Amino acid sequence: MRTFYKSLVLLLAMAFIFPVSAANDFAEEKIVIQISDPDPLKQTQVLNVANNLIKHYGKNKVSIEIVAFGPGLRLLFKENVNSDRINSLTTDEVTFSACKNTIAAITKKLGHAPVLHSDAKPVAAGVVRIIDLVNQGYKLIKP
Amino acid sequence: MRVKKRQTKKLLITATIIGSIATSTVQAANWLMLQGTEPAGAAARAKLWGFVQAQYQKDDSDPNATGGYIPPKLIGPNLDSQSAFNVNRARIGVRGTGMPLDSNVNYFILAEFGNNGITAPDGYEAALTDASVTLNNIPGARIRMGMFKYPGAEEGLQAIHVFDYINFTTVTNQLLLERFPQSTDTNSGAQPTPEANMAQYSRSVGAFRDVGVQVFDTFKVNNWEHSYAVMLGNGNGLNYGDNDDNKDLYLYWSSEMVFGGKGGRREGLKLFAWQQDGTRTNAFDKTQEQDRTRAGLGFKYLSKPFRVTAEYMKGEGMIFQGQHRPGHIFNNEEASGSYIEAGWYVANTNFEIDLRYDTYTRGENHPTSATNDESRADTMTIGTQYHFNKKSRLNLEYADRDFESDTSVPHAQQKDVGGRLAVQFTHIF
């Protein structure tokens, strides 16, 4: 029984020391893709890049997070024509992050909060999220 | 009153059901959506676009017994000679969403600088062909207002820069492409070249456009897309104002099984039907009015490497009698026609082979002549396209035409209508 408690304490300690992230910890490559551009073609390009990375490395060997902020946040609007592709990439464990600062700015402009894709995860600030991920060893790609 | 209430309730329920199956992500599905909407959440604030079409045409028709030529024997829009180089279309436009954050409003503006039936009548003058705003707020009932292509036949409604031929079929040119005479326009008999001057209409052709309001949308059900459009317009073509109190009603339905792809060359099987009802005032006697009706149905099948399209259309009233006879367009004649065309994309090359047969009969109930006083036009067109890339292509086509009439006078003018060669380069930007 003592061994059990010891193991539990050890596990909890490890959890605090090595916080669990959404990323695939067994990934050989960690990529963060930035979309902050109003150009609609960039939306397609960002999704293509994510798709091609998964094809190349295999979905268990690459961790991908797409961070949208500024005009690029439109990619994560619920109504976006690419929402089916976002659904598909989400099943491949791609993470989509939406900048809360941008959401606040858009809310002010529209008079109401934008309705985001259900898989979009709000983060405090898009650019800060990118810096955090880069510090964790992610490579930044901005198509 | 109770019946009315029940009907209203039924309508509301139907509208709600339609609204609930409407998917806002449906776009680039068909001409209604391609021209009237922008992709939600992914449209530019202002996308500059346009296209240029430069061509050469040569007509092989012979003159009548006295050396005169009628319009089908001459090259439009000027109808002065039998061969001509021309920049027949040079259009530039802007489209998008004024505020990219809000996909509920989009706009479309397009201007014509080429030399054609829009700009050439009464001296060359560039013209606005499209200027519209679409509101997408109501699920299942998008609202488009302004000047734009009315919902109708495939040949008129489709984007002209992806049209697979250079010249329209005779039935589309004569039955659907509306001409608007002015009281000062005069008729002309066949004239010799050069300077035959057979273009006697001084106002722009309708260009399959009208100014009005259209309610429309597309609904996706599995692999099928069902679209509808109801439009009310001036019935006065590209003219901004209305010349009378009569309005045109346009109805359109299409159902398409989508195979794949997107845009103007999306693959699928589309079935469609349409109707137009309007009334025209006689330009030469404003006390007279004439109903003008047009209706048609057809299908388009595209699954590369094959394409097949067929349409049948008929009309009554305001039947076109030639570009040299504006004084005869106010009539209650009937006309009908059809075409079938096929395309084959040659494997592993950039070539496409096109073949089209079209037929048109007008004057089926000519009021002032004997029965069977009809004019008929049959045309077989063979063409090829070379696609340099997705935005640039070269069309080459030859039309073998056979025109005839039951009565001797028009027959003498039409019997020598011959073949026509056309070459056209299109570049879209």
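This is a short tour of a predicted model, with stops to select in your viewer along the way.

**Stop 1: chain A as a whole**

Begin by showing chain A alone as a cartoon. Its secondary structure comes to 5 helices and 5 strands. Trace the chain from the N terminus and you will meet the elements in the order α-β-α-β-α-β-α-β-α-β. Chain A has 143 residues, and 39% of them count as buried. If you take the contacts in chain A between residues at least 6 apart in sequence, 77% join residues at least 24 apart. Keep that in mind for the next stops, which pick out some individual contacts.

**Stop 2: helix α5 of chain A**

Now select residues 126–135 of chain A, which form helix α5. Which residues of α5(A) are buried? They are A:Gly126, A:Ile130 and A:Leu133. Look down the helix axis and you will find these three on the same side of α5(A), because they cover an arc of only 65° around the axis. Next, add the strands to the view: the buried residues of α5(A) pack against β1 (29–35), β2, β3, β4 (120–123) and β5 (139–141) of chain A. Before leaving the helix, glance at what comes after α5(A): there you will find A:Gly137, with a positive phi near 105°.

**Stop 3: A:Val67, in strand β2**

Select A:Val67, which sits in strand β2 of chain A. Is A:Val67 buried or exposed? A:Val67 is buried, with a relative accessible area of 0%. Show its surroundings, leaving out residues up to four places away in sequence, and you will see A:Val67 touching A:Val32, A:Ile33, A:Gln34, A:Ile35, A:Ser97, A:Gly126, A:Arg129, A:Ile130 and A:Leu133. The three buried residues of α5(A), namely A:Gly126, A:Ile130 and A:Leu133, are among those partners. For a distance to try in the viewer, pick the C-alpha atoms of A:Val67 and A:Arg129: they are 7.6 Å apart in space, while the two residues are 62 apart in sequence.

**Stop 4: two salt bridges in chain A**

Side chains of opposite charge can pair when their charged atoms come close. Stay with A:Arg129 and add A:Glu65: their side chains meet in a salt bridge, 2.7 Å from N to O. A:Arg129 lies in helix α5 and A:Glu65 in strand β2, so the pair ties together parts that are 64 residues apart in sequence. Switch on a surface to compare the two ends. A:Glu65 counts as buried at 2% relative accessibility, whereas A:Arg129 counts as partly exposed at 24%.

For the second pair, select A:Asp92 and A:Lys59, whose side chains form a salt bridge of 4.0 Å, N to O. Here both residues are in loops: A:Asp92 between α3 (83–91) and β3 (95–99), and A:Lys59 between α2 (40–57) and β2 (62–68), so this pair ties together parts that are 33 residues apart in sequence. A:Lys59 counts as partly exposed, at 36% relative accessibility.

**Stop 5: charged pairs in chain B**

Bring chain B into view and select B:Arg142 with B:Asp217. Their side chains meet in a salt bridge of 2.8 Å, N to O. B:Arg142 lies in strand β5 (residues 142–149) and B:Asp217 in strand β6 (residues 209–221), so the pair links parts that are 75 residues apart in sequence. B:Arg142 is buried, at 8% relative accessible area, and B:Asp217 counts as buried at 3%.

Then try a group selection: B:Asp164, B:Arg265, B:Arg307, B:Glu341, B:Glu352 and B:Asp354 are linked in a network of salt bridges. Over all chains, the count comes to 28 salt bridges.

**Stop 6: B:Asn282, in a loop**

Select B:Asn282, in the loop between β9 (267–281) and β10 (289–303) of chain B. At 7% relative accessibility, B:Asn282 counts as buried. What does its side chain reach? A polar atom of the B:Asn282 side chain lies 3.0 Å from the backbone nitrogen of B:Phe284, and a polar contact of 2.6 Å joins the side chains of B:Asn282 and B:Gln288. Leaving aside neighbours within four places in sequence, B:Asn282 is in contact with B:Gln288 and B:Phe330.

**Stop 7: where the two chains meet**

Finish with both chains shown. The contact takes 14 residues from chain B and 12 residues from chain A. About 1,100 Å² is buried between them, and carbon and sulfur atoms give 62% of that area. The chain B side divides into 8 nonpolar, 5 polar and 1 charged residues. How many salt bridges cross the interface of chain B and chain A? The count is 0, while 6 residue pairs between the chains are in polar contact.

Technical notes
Residues numbered from 1 in each chain as written. Chains lettered and ligands numbered in written order. Predicted model: local features only at pLDDT ≥ 70, side-chain atom pairs only at ≥ 80, totals over all residues. Heavy atoms only, no water. Helix = DSSP H or I, 4+ residues; strand = E, 2+ residues; numbered from the N terminus. Buried < 20%, exposed > 50% of the residue type's maximum accessible area, 1.4 Å probe, protein only. Polar contact = N/O pair within 3.5 Å; in protein donor to acceptor, adjacent residues only side chain to side chain. Contact = heavy atoms within 4.5 Å. Buried area = accessible area lost by both parts, 1.4 Å probe. Nonpolar A, V, L, I, M, F, W, Y, C, P; charged D, E, K, R; others polar. Arc of directions from axis to C-beta.
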